Amino acid sequence: MRWTTVASSSSGIVAGLTAAALATVGFLAYRASASVPADLAGAHTGSPAAAASKTPRDRTNPAALPGGSGAGQRVVYSLNENRVWLVGPRNKVHRTFKVSPGTVDPAPGTYAVTSRSNKVTGTDGTPVEHVVRFTNVKGVPVGFSAAVDASAPAPKPTAKAGGVRESRADGDAMWQFATIGEKVVVIR
């Protein structure tokens, strides 16, 4: 009889602690989601934004920042132009450069830098540096990188590669600019 009383009171304590833990986790999750800046909300989903439509281009200056590519400090990546803009406050372009895309493209939308690696081996077996990842497409990580040997081999059409290759100098600039959480706007 005494054992039943102890067991039922300890199970009540465990149930109470579990409920308190779940309430705490729920509260912390709410607080975390409520504190995400509006310009990064939905960044992990690649949700289409105004950037999803065909953005206007300056035909007299193809390297000019496309209109409708967002606001504030950000990386802008054009899928159609194979070009990147590193944009500071007040839409000031700090650098723009051509890139070589992989075989997997992200959907147009707004993302955030999720991880970085100083040096790794790319999916094509090439040693790369200054890897700045911002999304996954069906399990394939997508991000910017530079080949250590400065090569730019064409990706095999059958391989699923999300690496967007830059020159080493451009990779250095991206590495300095795009830290964790930095906004990445993908446009057509």
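Which side chains meet in a salt bridge at 2.7 Å, N to O? In this predicted model, the partners are Glu129 and Arg168. The contact joins distant parts of the chain, since Glu129 belongs to strand 6 and Arg168 to helix 2, with their positions 39 residues apart in the numbering. The two partners may be set apart by their accessibility. Glu129 has a relative accessibility of 5% and therefore counts as buried, whereas Arg168, with a relative accessible area of 35%, is partly exposed.

A search of the whole structure finds two salt bridges. Besides the pair just described, Asp170 forms a salt bridge with Arg95, and the closest N and O atoms lie 2.9 Å apart. This pair likewise links distant parts of the chain: Asp170 is in helix 2 and Arg95 is in strand 3, which covers residues 93-98, and the two are 75 residues apart. Asp170 counts as buried because its relative accessibility is 11%, while Arg95 is partly exposed at 32%. The cut-off behind these assignments is 20% relative accessible area, under which a residue is called buried.

Helix 2, which supplies Asp170 to one salt bridge and Arg168 to the other, also takes part in the nonpolar interior. The largest nonpolar core has 23 residues, of which Val75, Tyr77, Val84, Phe144 and Met174 touch the most other members. Two or more residues of this core come from each of strand 1 (74-78), strand 2 (83-87), strand 6 (127-137), strand 7 (140-147), helix 2 (168-177) and strand 9 (183-187). Helix 2 makes the greatest contribution, with four residues. Apart from this core lies another, of five residues, including Val76, Trp85, Val87 and Ile187.

Val84 offers a view of the larger core from within. When neighbours within four places in sequence are left aside, Val84 is in contact with Val75, Val76, Tyr77, Arg95, Thr96, Phe97, Val99, Phe144 and Met174. Among these contacts is Arg95, the residue that forms the salt bridge with Asp170.

The strands that contribute to the core may be followed next. Strand 6 and strand 7 run antiparallel and are joined by seven bridges. They form a hairpin with two residues between them, and Lys138 in the turn has a positive phi of about 50°. Val137 stands opposite Val140 of strand 7. Strand 7 is mostly covered, as seven of its eight residues are buried. Strand 7 also pairs with strand 8 (residues 163-166), here in the parallel sense and over four bridges. Phe144 has Val164 in strand 8 as its bridge partner, and Phe144 is also one of the core residues that touch the most other members.

Where does the side chain of Ser78 find its polar partners? Ser78 is found in strand 1, and it is buried because its relative accessible area is 0%. A polar atom of the Ser78 side chain lies 3.1 Å from the backbone nitrogen of Glu81. The Ser78 side chain also reaches the backbone oxygen of Arg188, at 3.1 Å. Strand 1 thus holds this buried serine and also gives two or more residues to the largest nonpolar core.

Notes:
Residues numbered from 1 in each chain as written. Predicted model: local features only at pLDDT ≥ 70, side-chain atom pairs only at ≥ 80, totals over all residues. Heavy atoms only, no water. Core = buried A, V, L, I, M, F, W, Y, C linked by side-chain atoms within 4.5 Å. Buried < 20%, exposed > 50% of the residue type's maximum accessible area, 1.4 Å probe, protein only. Contact = heavy atoms within 4.5 Å. Salt bridge = Lys/Arg side-chain N within 4 Å of Asp/Glu carboxyl O. Pairing = 2+ DSSP bridges. Polar contact = N/O pair within 3.5 Å; in protein donor to acceptor, adjacent residues only side chain to side chain.
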